[in-house]
Amino acid sequence: SLAMSAFESMQDARVFSNPKIIVSNGKEAKVDMTTKYPYIELTSQRNTQNDNAYLDYSAKLQQIPGDKETGLYFRDTNYIYPKFQSPSGKKELWSRANGWVMAALAKAIPDTPKGCGQKILKKRLIAMAYAARERQQSGGYWTQNLDDPGEMPGYETSGTALITYAIIWGARSGILPMRDF
């Protein structure tokens, strides 16, 4: 497509995921990691600079609200507290969705240039790792709902694997202190 050809020819654009999300011109990309089809708003504007006409494209992706208290993300937009509560009145902080976010951070941090949001990504991984550590079960695993282990007790293997990967990567890379994890 014309838009993809334009993005591919940009020198300051970087690919941060697959499917590809391209960020350029210092713009911010936010993605809802829990839905198959995120809400995307594309805009274009014709500009002329130094007698060269070009199209300026921008994309805006909507993000699922995170829980400011825990630093974790709600299951999806239908499960935001206090509108939705677990049977015992707690938040629905889905371990698999949070694990995917943490693993994506671990993969994105090394590829993000300093000064282009790397510090923000590291801070998010640190906050999520400590929040996940507080919710780890005595057997070393995480349950489906990080805020209410009794809702669906037992191992949530996908969430556990993803969270474990991100924490180990963070500790080995020096972002997370080994003594805490």
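Me: Buried means under 20% relative accessible area, and exposed means over 50%. In this predicted model, is Glu156 buried or exposed?

Reply: The model is a predicted one. The relative accessible area of Glu156 is 8%. That value falls under the 20% cut-off, so Glu156 counts as buried.

Me: Which residue forms a salt bridge with Glu156, and which elements does the pair tie together?

Reply: The partner of Glu156 is Arg96, and the closest N and O atoms are 2.6 Å apart. Arg96 counts as partly exposed because its relative accessibility is 31%. The two residues are 60 apart in sequence, so their salt bridge ties together helix H2, where Arg96 lies, and the loop between H3 and H4.

Me: How many salt bridges does a search of the whole structure find?

Reply: One of them joins Asp147 and Arg135, with the closest N and O atoms 4.0 Å apart. This pair links distant parts of the chain, 12 residues apart, with Asp147 in the loop between H3 and H4 and Arg135 in helix H3. Another joins Arg179 to Asp180 at 3.9 Å between the closest N and O atoms. Across the whole structure, the search finds six.

Me: Which residues are joined into one network by salt bridges that share partners?

Reply: Arg179 and Asp180 form a salt bridge, in which Arg179 counts as exposed at 75% relative accessibility and Asp180 is partly exposed at 23%. The network formed through shared partners joins three other residues, namely Asp67, Glu69 and Lys91.

Me: Where does Asn98 lie, and which residue's backbone oxygen does its side chain reach?

Reply: Asn98 lies in helix H2, which spans residues 95–108. Its relative accessibility is 0%, so Asn98 counts as buried. Beyond its sequence neighbours up to four places away, Asn98 touches Leu72, Tyr73, Leu93, Met128 and Leu146. At 2.9 Å, the side chain of Asn98 reaches the backbone oxygen of Trp94.

Me: Which helix gives the most residues to the largest nonpolar core?

Reply: This core has 20 residues, and those with the most contacts inside it are Met102, Met128, Ile163 and Ile167. At least two of its residues come from each of H2, helix H3 (118–135) and helix H4 (157–172). With five residues, the helix that gives the most is H3.

Me: Which residues does Met102 touch, not counting those up to four places away in sequence?

Reply: Met102 is among the residues with the most contacts inside the largest nonpolar core. With sequence positions up to four places away left out, the residues touched by Met102 are Leu125, Met128, Ala129, Ala132, Ile163, Ala166 and Ile167.

Me: Which helices are included in what covers the buried residues of H3?

Reply: H3 has 18 residues and reaches 26 Å from its first C-alpha to its last, close to the 26 Å expected. Its buried residues are Gln118, Leu125, Met128, Ala129, Ala131, Ala132 and Arg135. Arg135 is buried because its relative accessible area is 14%. The cover over the buried residues of H3 includes H2 and H4.

Me: In what order do the elements of the protein run from the N terminus?

Reply: The protein has four helices and four strands. Of its 181 residues, 31% count as buried. Among contacts between residues at least 6 apart in sequence, 47% join residues at least 24 apart. From the N terminus on, the order is α-β-β-β-β-α-α-α.

Notes:
Residues are numbered from 1 along each chain as its sequence is written. This is a predicted model: local features need pLDDT of at least 70, side-chain atom pairs count only at pLDDT 80 or more; totals for chains, interfaces and linings use all residues. Side-chain values use heavy atoms; hydrogens and water are left out. Buried means under 20% relative accessible area, exposed over 50%, partly exposed in between (1.4 Å probe, protein chains only). A polar contact is a pair of N or O atoms within 3.5 Å; within protein, one must be able to donate a hydrogen and the other to accept it, and residues adjacent in sequence count only if both atoms are side-chain atoms. Contact means heavy atoms within 4.5 Å. A nonpolar core is a set of buried Ala, Val, Leu, Ile, Met, Phe, Trp, Tyr and Cys residues joined through side-chain atoms within 4.5 Å. The expected span of a helix is 1.5 Å times one less than its number of residues. A salt bridge is a side-chain nitrogen of Lys or Arg within 4 Å of a carboxyl oxygen of Asp or Glu.
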